[in-house]
Amino acid sequence: MTDNDSIEAEVLRAFKGLVDASEALDASRYLEFIDREKFTGLGADGKVWHAFEDLEKLISAGFEMVQKIVSLEFSNVKVTVIDASTAILVNEYRQTILLKNAGTVQQAGGGTQVWSRSENGWKLVSISASDAGPRAEAVF
């Protein structure tokens, strides 16, 4: 296994931990994967987060509204290793969530994550998301 293969495997393990925390609706475990000092990002709504606290508020409030993750699927996942301490992960996703108010939300889109290796393992320093929006389906 080359160094790049090893780094890719480590980043994919960290990504899986992030996904597992999301599926468990465990905001504190989810936020453990974020670099509190270096984080910045861009949401699917076009708003930026310039600090960890901005994302923390969004994640905590969002997880509180969800009763259950009905489905969460990632496809077209690719890790690109930049160097020994930086990697970029891109993916496409589809999810269905059941809200505590009994509403159901379906989302799909893509994401880009920048992971950085620290003394505490791989941490996210940036997230960017896109929303695929409603999809038109032909009716015959």
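**Exercise 1. Is Asp20 buried, partly exposed or exposed, and what is its relative accessible area?**

Solution. In this predicted model, Asp20 has a relative accessible area of 27%. Buried residues fall under 20% and exposed ones over 50%, so Asp20 is classed as partly exposed. The side chain of Asp20 also takes part in a salt bridge with Lys16, in which the closest N and O atoms are 3.0 Å apart. Both residues belong to helix α1, where they stand four residues apart, and therefore about one helical turn separates them.

**Exercise 2. Work out which geometry the ring pair of Phe15 and Phe74 adopts, and place the two residues in the chain.**

Solution. The count of aromatic pairs comes to three, and Phe15 with Phe74 is one of them. The ring centres of Phe15 and Phe74 are 5.1 Å apart, and their planes stand at 75 degrees; since planes over 60 degrees apart count as edge-to-face, the pair is edge-to-face. Phe15 lies in helix α1 (residues 3-23) and Phe74 in strand β3 (residues 66-83), so that the pair links distant parts of the chain, 59 residues apart. In terms of accessibility, Phe15 counts as buried at 7%, whereas Phe74 is partly exposed at 31%.

**Exercise 3. Repeat the analysis for Tyr30 and Phe63.**

Solution. Here the ring centres are 5.7 Å apart and the planes are at 70 degrees, so the pair of Tyr30 and Phe63 is edge-to-face. The pair joins helix α2 (residues 27-31), which holds Tyr30, to helix α3 (residues 52-65), which holds Phe63, across 33 residues of sequence. Tyr30 is buried, with a relative accessible area of 13%, and Phe63 counts as buried at 15%.

**Exercise 4. Describe the salt bridges of Arg29 and of Lys100.**

Solution. A search of the whole structure finds four salt bridges. Arg29 pairs with Asp26, their closest N and O atoms being 3.4 Å apart; Arg29 is partly exposed at 30%, and Asp26 is partly exposed at 26%. Lys100 and Glu64 meet at 3.9 Å, N to O, a value that satisfies the cut-off of within 4 Å. This pair links distant parts of the chain, with Lys100 in the loop between β4 and β5 and Glu64 in helix α3, 36 residues apart. Glu64 is exposed, with a relative accessible area of 53%.

**Exercise 5. Where does Asn101 lie, and which backbone nitrogen does its side chain approach?**

Solution. Asn101 lies in the loop between β4 (86-99) and β5 (104-118), and is exposed at 61% relative accessible area. A polar atom of the Asn101 side chain lies 2.8 Å from the backbone nitrogen of Gly103.

Note on methods. Residues numbered from 1 in each chain as written. Predicted model: local features only at pLDDT ≥ 70, side-chain atom pairs only at ≥ 80, totals over all residues. Heavy atoms only, no water. Phe/Tyr/Trp six-rings, centres within 6.5 Å; stacked < 30°, edge-to-face > 60°. Buried < 20%, exposed > 50% of the residue type's maximum accessible area, 1.4 Å probe, protein only. Polar contact = N/O pair within 3.5 Å; in protein donor to acceptor, adjacent residues only side chain to side chain.
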